[in-house]
Amino acid sequence: MALRSEAIKRRASGAEGESDHARDAENPLYARTSRSGFVKAILFGATRGIGRALARMLAERGSEIVLLGRDAGELARSGADLEARGAAGRVLAAACDLEDAEAFGPALDAAFTGLGGADLVVVTAGAFAIQERLEADAGLCQHVLDLDFTKTILFCEQARRRLLAGGGGTLCVFSSVAGDRARKPVALYGAAKAGLDHYLDGLDLRFREQGLRVVNVKPGFVHTAMTQGMKAPPFAASPETVAVAALRGIERGRRVVYAPAIWRVVMTAVCALPRPLLRRSTF
Amino acid sequence: MSEIYGWGRHPRIEAQQTRDEDLVDASREPALFRGLGRSYGDASLPARPGGRVVSTARADRILAFDPATGVLRAEAGLSLAALDRVFLPRGFAPPVVPGTEFVTLGGLVACDVHGKNHHTSGTFGRHVRALRARVADGRVLELSESNEQELFLATQGGLGLTCQILEVEVQLARIPSPWLRAETSVHPDIDSLVAALRESSAHSPYTVAWSDTTARGQALGRGVLITGDWAEPRGDAARPWRWRAPFELPLGLPSGVIAPWSIRLFNSAVFALQSRRGSRLQSPRAFFHPLDVLGSWNRAYGARGFVQYQCVVPIDRDPAIVRRLFEILVRMDGASPVSVVKDFGAEGRGTLSFPRPGITIALDLPMRGAPTQALVDRLNDEVAAVGGRIYLAKDALTRAEHFRAMEPRLPAWNEVRRKWDPNGRLRSGLSVRLLGDEP
């Protein structure tokens, strides 16, 4: 049996942007998952790591899924995995690279059309590099800041427009505990994430009334390909643990989800630390 | 850099271990692939301290499944636990399972594992239709009976030393329900236990015996025989089944808690408990992987760890051999809390595959240094003399001379390995210890 290798699959659909999700429910997504056990989800960056774990959990609940990503082969492999794990129907895919803001709109259009509207958009795509490398390499620094701040926000703007056009929905974006307070090892990466936090906060203020739920997931250190080879600090978690916390946050409509939850306590303490202490510390 | 070890926690070695999602990429480097590290000794450890190993467990996507045929293709790091969770409720089971479900497809192939159904279904390799693998010259090849058959067969039971396994295509078995109907019977000594085991294998698809290595005299090797089959979906077996994560043993016990005295106590308790049970319905974990109920149970042996010893002996050639091995155990104080006895069917097609017709015995031995080495040496003398062999996935202490004496198939396997990997690109702690590789 040969591996299915269609590059990019899109389901043709007549109905344009018509979402059947109930706008007036207390929490539309939660109401849906508990009532009928499925959602229509678009996941950006879910072929790997935390996104992969979260996509699998959605698939096991029988969700309809569209994957956005840059590598057609990887999308096809992950699509097959999610189908085998219970996703409803075919898992569709559309090419979307976080570097290429021009592609966000068309990719989301294809995804919304393919699903006939969506309840949930998840963004786990992003970039990371350690502080020393970012300081030494201006090009890399620009790349990481651009992806984690500007491009992520531009993608969210496109996604929220389409969610609102369909009557609302949940936009779940992965930020980081690094955005909570400036610290030496994440001074640059954390700056981009802090900016992203600020944007997501504003997005909630601006559009919650119209039915947009913004869920900001803040993981601590997670064992993924992104952090390969780094020394793991305390409370390091698996992608699965973070995905469980994220999904619970999505279901309950939480504004900010620390994953695992202990990070809420840790970061509250870190934020309370006096500046002279942070100047001297290494974490 | 971190210290890694097999399931027995002996030996330990510093290694550069990465956990890669992309095995095609990770295999560009000459790193030994390891799955979940459930081989007991040094099979999944690097050849020298600081060597590179790749854990495949994050490369775990299901790539294709055809419900009409039951053929599954997945990345090599997919675990049996994940496979059970996804496919048992749909009426498909892995064709052969070992004593734990925390193993990867790649590991199942590399060790060519066997299970309670060896007498009917053979080893895992029998059900493998194809492999995708990186070979030493850099190519990625599809291996099967019809394509590079020689390498395909040398890789089954080849302990990851012939090529790096990227994907596995395997035939799953259809099952009537995810539940099992199990029966237990008690037998007063090793001879009657072995006789009952062989007799039950004639009509039961799953059989295994657990034996008390601490019983002496008349009761030498007394034990419990467990047989079973998939249950028809009626009554309790019509209930849905859900996979659950095991309870993790949070802390290790001090070394020495698992000692002959406590093992005697434990074995007597198990024996007494089992004796009162007859026929019952069991979950797949309770039947196939009872030890998985407690995650990290290997920590119970403390910092010194333990070694497992598993051999197979041709009982038809020497009917007294099993009794002799048990006598050595008792004489040399080789008490083992988990001692499994099982009859094997025909030899598999893997060039270096472990099972062959006869009786296999698996023992967990607390690592006590020289006395444990002496016990393994003594058992190996006996096994080699009778024409038996040992299971490399379990082994940590066997000497190269013993291994060569037991394995007339080794030159043929070595030839295939040298042909495909002339410069010894893939090596492990085990290949240095037993195959004469450079560290």
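In strand β2 of chain A, the residue that forms the bridge partner of A:Ile42 is A:Val66, and I should say straight away that we are looking at a predicted model. That pair belongs to the parallel pairing of strand β1, residues 40-44 of chain A, with strand β2, residues 64-69 of chain A, which runs over five bridges.

Stepping back to the sheet itself, chain A has an open sheet of seven strands, paired in parallel, in the order β3-β2-β1-β4-β5-β6-β7. The edges are taken by β3 (92-95) and β7 (256-259) of chain A, and because each has a single partner strand, one side of each is left without a neighbour in the sheet. From one strand to the next, the twist averages 20°. Across β5 (169-174) and β6 (212-219) of chain A lies helix α7, residues 187-207 of chain A, which runs at about 160° to β6(A).

Let me turn to chain B, and to B:Phe92, which sits in strand β7 (residues 92-93) of that chain. Is B:Phe92 buried or exposed? It counts as buried, because 21 C-beta neighbours lie inside 10 Å, where the cut-off for buried is 20 or more. Leaving aside residues up to four places away in sequence, B:Phe92 touches B:Gly70, B:Phe87, B:Leu172, B:Ala173, B:Arg174 and B:Ile175. B:Asp20, by contrast, is 72 residues from B:Phe92 in sequence and 28 Å from it in space, C-alpha to C-alpha.

Finally, the two chains together: 14 residues of chain A are in contact with 14 residues of chain B, and on the chain A side those residues divide into five nonpolar, four polar and five charged.

Note on methods. Residues are numbered from 1 along each chain as its sequence is written. Chains are lettered from A and ligands numbered from 1 in the order in which they are written. This is a predicted model: local features need pLDDT of at least 70, side-chain atom pairs count only at pLDDT 80 or more; totals for chains, interfaces and linings use all residues. Two residues are in contact if their C-beta atoms, placed from the backbone, lie within 7 Å. Ala, Val, Leu, Ile, Met, Phe, Trp, Tyr, Cys and Pro count as nonpolar, Asp, Glu, Lys and Arg as charged, and the others, Gly among them, as polar. Helices (H or I, at least four residues) and strands (E, at least two) are DSSP runs, numbered from the N terminus. A residue is buried if 20 or more other C-beta atoms lie within 10 Å of its own, exposed if 12 or fewer, and partly exposed in between; C-beta atoms are placed from the backbone. Two strands pair if DSSP finds at least two bridges between them. Axes are lines fitted to C-alpha atoms, for helices over the stretch in contact, and angles run from 0 to 180 degrees between N-to-C directions.
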